[in-house]
Amino acid sequence: PHPPRSSMSYTSGTTGQPKGVRREAMTPVHQQRVAEVNQVAFGLGPGARTLVLTPLYHSAPNVYALNALLLGDLLVLEPRFDARRTLALIERHRITHLYLVPTLMHRLLKLDPAERAAHDLSSLRFVLHGAAPCPAQVKRAMIDWWGPVIHEFYGGGEAGPVAAIGSADWLRKPGSVGRLVPHARVLIADAEGRSLPAGRTGTIYLEQAAYPPFTYHGRPDLRAACSHPRDPSLFTLGDMGWMDE
């Protein structure tokens, strides 16, 4: 018998070499968990009219677009980003859901104020961003402009979404990536892998049990190198962070 077919995304963590994230086959339980995680992180569902402006060879916009296609009413794909055209598309198609990265936010904010004010963006309900840290001043300016519809998630191609935050919580705690989404686990650890208390910065180790276990295609050494020294189900993307109380 042949194993179930699935896709394999590649990740480079922005600065590294591309690595294939190869997972074990999805079970019905995994599929149900992933749907639950995506609902919390992406906010997609019936009635969603979605615009994706980022390349589909990246795992996050790819998964986001597939969910929009399966769950929503409309999916608009753009071959390349143009700030002026983006505002026109939101108005023309009454877009409710949108996926951005911080660079695109910055370019939108550079538009002339009169041009920004000339478009009706009142249809927007859930604008998602991720993939890179967002400067606090950029995010605050987007919330001031578009209202409390800006949402952020933290995760990676290896993990999927791990944490998520909406505008209200972010305004209370600027810079935070929020609370854990369902089935996620996070440990902040020191150099020896020991758990650190609230307020202490350390390596972020994480697990998203909604997805089957993974390895790097043809590179089990890299998978072993990013594992927690005492709990191999936890792994790190190389990020540092801390939790509050």
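Helices here are DSSP runs of H or I with at least four residues, strands are runs of E with at least two, and both are numbered from the N terminus. The structure discussed is a predicted model.

1. I begin with L234, which sits in the loop that joins helix 8 (220–225) to strand 13 (235–241). Although L234 belongs to a loop, its relative accessibility is 3%, and because buried means under 20%, L234 counts as buried. Leaving out residues up to four places away in sequence, L234 touches R185, L187, Y205, L206, E207, C226, S227 and H228. By contrast, G147 lies 87 residues away along the chain, and the C-alpha atoms of L234 and G147 are separated by 36 Å.

2. The second largest pocket deserves a look in connection with this loop, since E207, which is among the contacts of L234, is also one of the residues nearest the pocket centre, together with Y211, P212, P213 and S233. The lining comprises 14 residues, which divide into eight nonpolar, two polar and four charged. The volume of this pocket is about 170 Å³.

3. The largest nonpolar core contains 43 residues, and L100, L108, M142 and W146 have the most contacts inside it. Helix 6 (residues 136–146) gives the most to this core, contributing five residues. Around L100, once residues up to four places away in sequence are set aside, the contacts are L53, M105, L108, V127, L128, H129, G130, M142 and W146. A second core, separate from this one, has 20 residues, including Y154, V162, V181 and I204.

4. T86 is part of helix 3 (residues 83–93), and with a relative accessibility of 1% it counts as buried. Its contacts beyond four places in sequence are L51, L53, F81 and L108; of these, L53 and L108 also appear among the contacts of L100. T86 and L53 are 33 residues apart along the chain, with 8.3 Å between their C-alpha atoms.

5. How many disulfides does a search of the whole structure find? The search finds zero. A disulfide is a covalent bond between the sulfur atoms of two cysteines. Two cysteines may be noted in passing: C134 is buried, with a relative accessible area of 16%, and C226, which touches L234, is buried as well, at 9%.

6. P182 is placed in the loop between strand 9 (179–180) and strand 10 (184–189). Is P182 buried or partly exposed? Its relative accessible area is 22%, and because buried requires a value under 20%, P182 is classed as partly exposed. Apart from neighbours within four places in sequence, P182 is in contact with E36, V37, V40 and Q208. The contact with V40 joins positions that are 142 residues apart in sequence, with a C-alpha to C-alpha separation of 8.1 Å.

7. Finally, D244 is found in the segment after strand 13, where it is partly exposed, with a relative accessible area of 34%. Which residues does D244 touch, not counting those up to four places away in sequence? The contacts are K173 and A198. R200 is 44 residues from D244 along the chain, and the C-alpha atoms of D244 and R200 are separated by 8.5 Å.

Note on methods
Residues are numbered from 1 along each chain as its sequence is written. This is a predicted model: local features need pLDDT of at least 70, side-chain atom pairs count only at pLDDT 80 or more; totals for chains, interfaces and linings use all residues. Side-chain values use heavy atoms; hydrogens and water are left out. On a 1 Å grid over the protein atoms alone, a cavity is a set of points where a 1.4 Å probe fits but cannot get out, and a pocket is an open set with protein on both sides within 12 Å along at least five of seven lines; lining residues have an atom within 4 Å of a point. Grid points are joined across faces, edges and corners, and a volume is the space filled by probe spheres set on the points. Ala, Val, Leu, Ile, Met, Phe, Trp, Tyr, Cys and Pro count as nonpolar, Asp, Glu, Lys and Arg as charged, and the others, Gly among them, as polar. A nonpolar core is a set of buried Ala, Val, Leu, Ile, Met, Phe, Trp, Tyr and Cys residues joined through side-chain atoms within 4.5 Å. Buried means under 20% relative accessible area, exposed over 50%, partly exposed in between (1.4 Å probe, protein chains only). Contact means heavy atoms within 4.5 Å. A disulfide is a pair of cysteine sulfur atoms within 2.5 Å.
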